[in-house]
Amino acid sequence: MLGVLACATVALAPMEGYLFEVHGQLAKVAPALLAVAWVVIRVRERRAPNAHPVHAVLALFAVVLLASAAVHAGGRFTVDYTVRWLPFLLLTVIIADIAARELPIRLLLGAAAAGATAAAGSALYAMFAEGQPRASGPVEDPNDLAYFLVVAVPMLIAVLPARPPTPPLSTTASVSRAAPTLGTMVPSGRWAVIGVRVVAVLAGATLVAGAMATLSRGGFLALTAAVGWLLLRRVLPLRVLAGALAVVALIGALAMSLAGPALAKALGEKSFIAGSNVDARELRWQAAARMLAENPVLGVGPGGFRSDYAAASHNAEVGEQTPVAHNMYLEVAAELGLPGFLLFIGLLVLAAVATERALRASRDRRPMVAVQAALIAVAVASTFLSQQYYLPLWLLIGLAVAAESRLHERRGSADAGAPGDQ
């Protein structure tokens, strides 16, 4: 049950826009069921999660969050944003525990990639079928959709099967003698491997095409950084990359043939507003820095950036009175102060360290390198977006903790099975 609910929570996260259209609370059903089931099962088993430094940082972060919310209890968005924060902290603990004990890390990465691929496909279809200038729909803001898609791209590496070993010459010869009519017979399992690789290439191409269709510059930079890391760590086969790029080029050519004028218009509009977007983000970043300087201990409270922006920016944007900062780091710092910001950065650092430790002890490097590349995509995209309220960040932290917990368990089992000193 926990595995099904965890996979559903992860896979449905990129589709929250469609879920909200059905019912305002539908997107919360799977995470809520997962939390309830996890608590009930762990209480019944009388088993707590394996201790990890991330748990202490999450607890301290929750304390700072609640203290800031209490100080700024009268804020316009304080309650709403506090309620948005807390489930993600709990989900991180739940995912880390489930992935360390019951569920393979690959499966959760695969579920996230599958959900994002479905979101990309539906967004592309809606874009061309309905004439939308930018891909959106599964997530209301195209920039946020790009975030989901580019973070999912490296996750596909984790689900790629290893290349089957080439059979010995004697085995090949015996096979040929036994069934001469088959000629070059593919070893058992080879077609399954090829099929999975083809699916991964198509999924990767769909994700990249969907991300490009959002026209998000931050998404493009994040994708470039993630793919670069995969190449640097030598886990992305060049054939897979070339195949995905070829499919993306084919999708682009098809899109231009079907909706060339609409795409040209969208690109022109995006270029026209690019300069104003840069200016607006600079104003918001300056306002966030000003809020932090004036409230360094507990910030302006959860959601306080939105409620205080007009005053902090001296009404610099008449048409945007309650925007987000479009920078996760500055927004967290402005709202929760330096203690909250340092704890938040500590979560990212601990996750990165955990993945590297697990990577060095793993026989198959791909899952952890995929998590690292996805974390890099999160870090880069979040420089231009406020992404602390979306699941990919917390999923990756949880998976990093789970990987290191698995490593400690293996070492403990090995130490227990080793003979003692005589």
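These legends describe close-up views of salt bridges in a predicted model. A search of the whole structure finds 12 such pairs.

**View 1. Salt bridge between Arg47 and Glu102.** The closest N and O atoms of Arg47 and Glu102 are 3.8 Å apart. The pair links distant parts of the chain, with the two positions 55 residues apart in numbering. Arg47 sits in the loop between helix H3 (29–45) and helix H4 (53–71), and Glu102 in the loop between helix H5 (78–101) and helix H6 (105–130). Arg47 has 36% relative accessibility and therefore counts as partly exposed. Glu102, at 37% relative accessibility, also counts as partly exposed.

**View 2. Salt bridge between Arg284 and Glu317.** Here the closest N and O atoms are 3.0 Å apart. Arg284 belongs to helix H12 (residues 238–294), while Glu317 lies in the loop between helix H13 (304–312) and helix H14 (328–360), so the contact ties together parts that are 33 residues apart in sequence. Both Arg284 and Glu317 are buried.

**View 3. Salt bridge between Glu356 and Arg360.** The closest N and O atoms of this pair are 3.3 Å apart. Both residues lie in helix H14, where a spacing of 4 residues corresponds to about one turn of the helix. Arg360 has 70% relative accessibility, above the 50% cut-off, and so counts as exposed.

**View 4. Network of salt bridges that includes Arg47 and Glu102.** Arg42, Glu45, Arg47, Asp97, Arg101 and Glu102 are joined into one network by salt bridges that share partners.

Terms used: Residues numbered from 1 in each chain as written. Predicted model: local features only at pLDDT ≥ 70, side-chain atom pairs only at ≥ 80, totals over all residues. Heavy atoms only, no water. Salt bridge = Lys/Arg side-chain N within 4 Å of Asp/Glu carboxyl O. Buried < 20%, exposed > 50% of the residue type's maximum accessible area, 1.4 Å probe, protein only.
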